[in-house]
Amino acid sequence: RTVQSPCGLHRAREVVVTDPEQLLQVNTLIKTEWKKLFPSMLYTGRLMEERMVMALEHFDNVVILYTFLGIVVIIMSVSGLYALVSLNLHKRTKELGIRKILGAPLPHIVIQASKLFLLIMVISFGIGSLLGVVMVNGLMDTVWEYYVAVNFKVLSLSIVTLFAIAIATIGYKIRKVAVTNPVNSLRYE
């Protein structure tokens, strides 16, 4: 098949199929015939395996880049969540201390301290999941013609992982506040 380029040159693009044992011999034969027919043009023929290796190397580099960016985002999110929880609990130290003095059980204090954060996390997981699926599928569609779209299994695994990280971050800070002596928290307030 001949394709005309914008500058007026014709360039042939062909695919040759042969037995796997004869690939190198056929490529060498085509290269010698090419030099006879077009002595001033460079032979750019490649084996399909070479193209696949290049595509897989590109894919591996993309995976490494997005893994690094994902780790950085998770670290930044955890530090931001920790700071937000710390500031909120610092403002509510007096309230939580009074609840403990009046006899509120520990689970009630933990629920009161974490209720707002759990609501924010559920909303952010819902919005983030929808936007993430749309953006990842859009990115994959621009890079590859055939790909496996994000499915429910991958999405649920990522939500469970992020939820566990967020619960650990919030739980660590709330535990510190919940087990402190209420007299100390009221004294410094």
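Helices (H or I, at least four residues) and strands (E, at least two) are taken here as DSSP runs, numbered from the N terminus. With that in hand, S129 can be placed in helix 4, a residue we will come back to. What you have above is a predicted model, in which local features need pLDDT of at least 70 and side-chain atom pairs count only at pLDDT 80 or more, while totals for chains, interfaces and linings use all residues. Residues are numbered from 1 along each chain as its sequence is written, and side-chain values use heavy atoms, with hydrogens and water left out.

Let us start with the overall plan. The protein has 6 helices and 2 strands, and from the N terminus on these elements run β-β-α-α-α-α-α-α. Of its 189 residues, 16% count as buried, where buried means under 20% relative accessible area, exposed over 50%, and partly exposed in between (1.4 Å probe, protein chains only). Contact, a word we will need often, means heavy atoms within 4.5 Å. Among the contacts between residues at least 6 apart in sequence, 61% join residues at least 24 apart.

Now to the helix pairs, beginning with helix 2 (residues 48-91) and helix 5 (residues 152-178). Their axes come within 10 Å and cross at roughly 30 degrees. That makes helix 2 roughly parallel to helix 5. Axes here are lines fitted to C-alpha atoms, for helices over the stretch in contact, and angles run from 0 to 180 degrees between N-to-C directions. Angles under 35 degrees count as roughly parallel, over 145 as roughly antiparallel, 65 to 115 as roughly perpendicular and the rest as oblique. The crossing of helix 2 and helix 5 is right-handed; a crossing has that hand if the near helix is turned clockwise from the far one by less than a right angle, and is left-handed if anticlockwise.

Which residues of helix 2 and helix 5 meet? From helix 2 come I74, V78, L81, Y82, V85, S86 and L89, and from helix 5 come L162, I165, A166, T169, I170, Y172, K173, I174 and V177. Sorted by class, this contact has 13 nonpolar, 2 polar and 1 charged residues. For these classes, Ala, Val, Leu, Ile, Met, Phe, Trp, Tyr, Cys and Pro count as nonpolar, Asp, Glu, Lys and Arg as charged, and the others, Gly among them, as polar.

Helix 5 also has helix 4 (residues 106-143) as a partner, the two packing at an angle of about 155 degrees with their axes 10 Å apart. Helix 4 and helix 5 are therefore roughly antiparallel to each other, and helix 4 passes helix 5 in a right-handed crossing. On the helix 4 side the contact is made by L106, I109, V110, A113, S114, F117, L118, M121, F125, S129 and V133, and on the helix 5 side by L155, I159, L162, F163, A166, I167, I170, I174 and A178. This contact has 18 nonpolar, 2 polar and no charged residues.

This brings us back to S129, which counts as buried because its relative accessibility is 13%. Not counting residues up to four places away in sequence, S129 touches S124, L155 and I159. S129 and S156 are 27 residues apart in sequence, yet 9.2 Å apart in space, C-alpha to C-alpha.

Next, follow the chain from the end of helix 2 into helix 3. N88, in helix 2, counts as buried at 18% relative accessibility. Leaving aside neighbours within four places in sequence, N88 is in contact with L116 and F117. R92 sits in the loop between helix 2 and helix 3 and is buried too, with a relative accessible area of 16%. With the same neighbours left aside, R92 is in contact with Q112 and A113.

In helix 3 (residues 93-101), T93, L96 and G97 are buried. Seen down the axis of helix 3, the buried residues fall within an arc of 100 degrees, so they line one face of the helix; the arc is that of the directions from the helix axis to the C-beta atoms. After helix 3 comes G103, whose phi is positive, near 100 degrees.

Finally, the axes of helix 3 and helix 4 come within 10 Å and cross at roughly 160 degrees. These two helices are therefore roughly antiparallel to each other, and their crossing is right-handed. L96, R99 and K100 of helix 3 make the contact with H108, I109, Q112 and A113 of helix 4. By class, that contact has 3 nonpolar, 2 polar and 2 charged residues.
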